[in-house]
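Trainee: I would like a close look at one part of this model, the ligand site. Please take me through what surrounds the ligand and what lies around that region.

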Amino acid sequence: MRLVIVGGVAAGTKAASRARRLDPEAEITVYQEEPEPSISECGLPYFLSGVVERRDELVARTPEQFGESGIEVRVRHRVEKVDPETKKLTVRSLEGGEVFEDAYDRLIFATGARAVLPPISGADLDGVSVLRFLTDSDEVRRYVQERSPKRAVVVGGGYIGLEVAENLCRLGIEVSLIEAEDRVALAYGPEVAERVEEHLKKNGVNVYTGAKVEEFMGDGRLEGVRFGGGEHETDLVVVGVGVRPRVELAEEAGVEIGEGGAIRVDRHMRTNLPDVWAAGDCVETVNLVSGKPVWIPLGNTANQMGRVAGTNAATGENTLEFPGVLGTGIFKVFDLGVGKTGLSEEEAEEAGFETFSVAVEAADRASYYPGAEKVFLKLIADGASGRLLGAEAAGSGADKLVDVCATAIWGKLSYPDLVNLDLAYAPPYGPTLSPVIQAATVLSGEFDRARRGVRASE
Ligand code: FAD
């Protein structure tokens, strides 16, 4: 059996390794456009600043290492066409330029996503970059070394923009962050967004919300940015306004695309074409809370999907299922941890839920224990059933709270279950009752009052 995988980062290489393990006889080839496979893109912001010192630390396995386990990884090769009738593909070598044909018995699309560079005048100037691949971070690092920028602009207040802002600050650069919407961290509710914005300012970042970039100015080389009607001198711009799934190749081959623009797959990661699977940032999945299709491109889920696609492609059967996602995510900006799982209040209401939500600000450990800090936690519940729909946390220990809540949502727990959760406690690790229990107790009071017809203010 010959398995061909298009794309060799998180989903593609996971699928390849899994297939290798299950079928030692299979011929497995991964085509990868970038110069390296298996890149840890999540580490790129930290490579910019030197927190991660060596480039090779971000390459989990080289083509040679894959070769040792019998997986052929052909880097700098782009698959240009897939013909599902003949099971042939057309491949271009990006080094020599030669074009050749290959054939497959089974195929996995793991083509990922690409960073959006909006069509703003001057976006092609030297000094304007996105951050998606290791080659992008090479470009930004080269620019920083050659030009020693004093000022930088980060466009976009999503988690990548925020991580980049922090890491450019670490280089001693004065950073301005521009966000077109009225708040940063848009996937979160306004309470978390406010905390993030405050934290950015506290750490010296100039934050402009509700500001659209009108032009990158310069003559060959970047000199400034025009936004909000004013001109601002800058030496470096990193654009982080989002990513889009890379589906052109699959779409041309006849693969069905979902409404959100990513590849539609079933629970076994199969596309509508025979013997063709897809996984990672190029596919949509199901939001397990709303039950609706969703596209949330993240590294952990790309790996999990790759495992399922690789297994099923190796066996040719529906051996494993990928059930869907909660949209659990976390990021750090300076020393503030920010995470969420499930739906935000806005998303829950859009999905048709009538929500009850509460927020608490609790200590991250016993308040008398040295170093105790605050953590914010918001719980969003379904007003009809009491089931937990979402949670957002910001502050020290946010990761733990988000993971507890993700597990609770996964298990379809309601607020009375959370009130009695048996969670670990000792003074250095948390307050006597976890902030999750504290928030659930407040939520329980809200439900009681609502049941008795008493308004929250009474
Ligand atoms: P990709 O990583 O996009 O890889 C797809 C590969 O396929 C690419 O190398 C591409 O060149 C190649 N390809 C595409 N088309 C072809 C073709 N026709 N022929 C050959 N090759 C092709 N996620 C988290 O969960 N947590 C984080 O903290 C986090 N931080 C991030 C920080 C940054 C700066 C970035 C950019 C991403 C971050 N992510 C994070 C997201 C995570 O990196 C992605 O979700 C993950 O890499 C997706 O893996 P993938 O294999 O699906 O796709």
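Mentor: Start with a term. A polar contact here is a pair of N or O atoms within 3.5 Å. Keep in mind that the model is predicted.

By that cut-off, Asp281 makes a polar contact with the ligand: a polar backbone atom of Asp281 is 2.8 Å from a ligand oxygen. Val79 also uses its backbone. One of its N or O atoms lies 3.0 Å from a nitrogen atom of the ligand. Arg246 works through its side chain instead. There, an N or O atom is 3.4 Å from an oxygen atom of the ligand.

Now the burial. Taken alone, the ligand exposes 1,000 Å². The protein buries 94% of that area.

Which elements give two or more residues to the shell? They are α1 (10–22), β2 (27–32), β4 (77–83), α5 (159–170) and α8 (299–315). Val79 falls within the range of β4 (77–83).

The shell counts 33 residues around the ligand. The closest are Glu41, Arg132, Asp281, Leu298 and Gly299. So Asp281 appears on that list and in a polar contact as defined above. By class, the shell has 18 nonpolar, 8 polar and 7 charged residues.

Two domains take part. Domain 1 (2–39 + 57–114 + 244–315) and domain 2 (117–241) each give at least three residues to the shell.

Next, look at the cavity. The structure holds 1 cavity of 30 Å³ or more. The largest cavity has a volume of about 40 Å³. Its lining shares residues with the ligand shell: Asp281 and Leu298 are named among the closest to the ligand, and both line the cavity. Gly280, Val283, Thr285, Trp295, Ile296, Pro297, Thr301, Ala302 and Met305 are also in the lining. Helix α8 gives the most to this lining, with 3 residues. The same helix gives two or more residues to the ligand shell. The cavity lining divides into 7 nonpolar, 3 polar and 1 charged.

For contrast, take the second largest pocket. Its volume is about 260 Å³. It is lined by 21 residues, and Lys400, Tyr429, Gly430, Ser434 and Pro435 lie nearest its centre. Helices α10 (398–410) and α12 (435–451) each supply at least two lining residues. By class, this lining has 13 nonpolar, 5 polar and 3 charged residues.

To return to the ligand: keep Asp281 in view, as it is among the closest residues and also lines the largest cavity.

Key
Residues numbered from 1 in each chain as written. Predicted model: local features only at pLDDT ≥ 70, side-chain atom pairs only at ≥ 80, totals over all residues. Heavy atoms only, no water. Near = heavy atom within 4 Å. Polar contact = N/O pair within 3.5 Å; in protein donor to acceptor, adjacent residues only side chain to side chain. Areas by Shrake-Rupley, 256 points an atom, 1.4 Å probe, with all protein chains shown as cover. Helix = DSSP H or I, 4+ residues; strand = E, 2+ residues; numbered from the N terminus. Nonpolar A, V, L, I, M, F, W, Y, C, P; charged D, E, K, R; others polar. Domains from an automatic or database assignment. 1 Å grid on protein atoms, 1.4 Å probe; cavity = no way out; pocket = protein on both sides within 12 Å on 5 of 7 lines; lining within 4 Å. Points joined across faces, edges and corners; volume = space filled by probe spheres on them.
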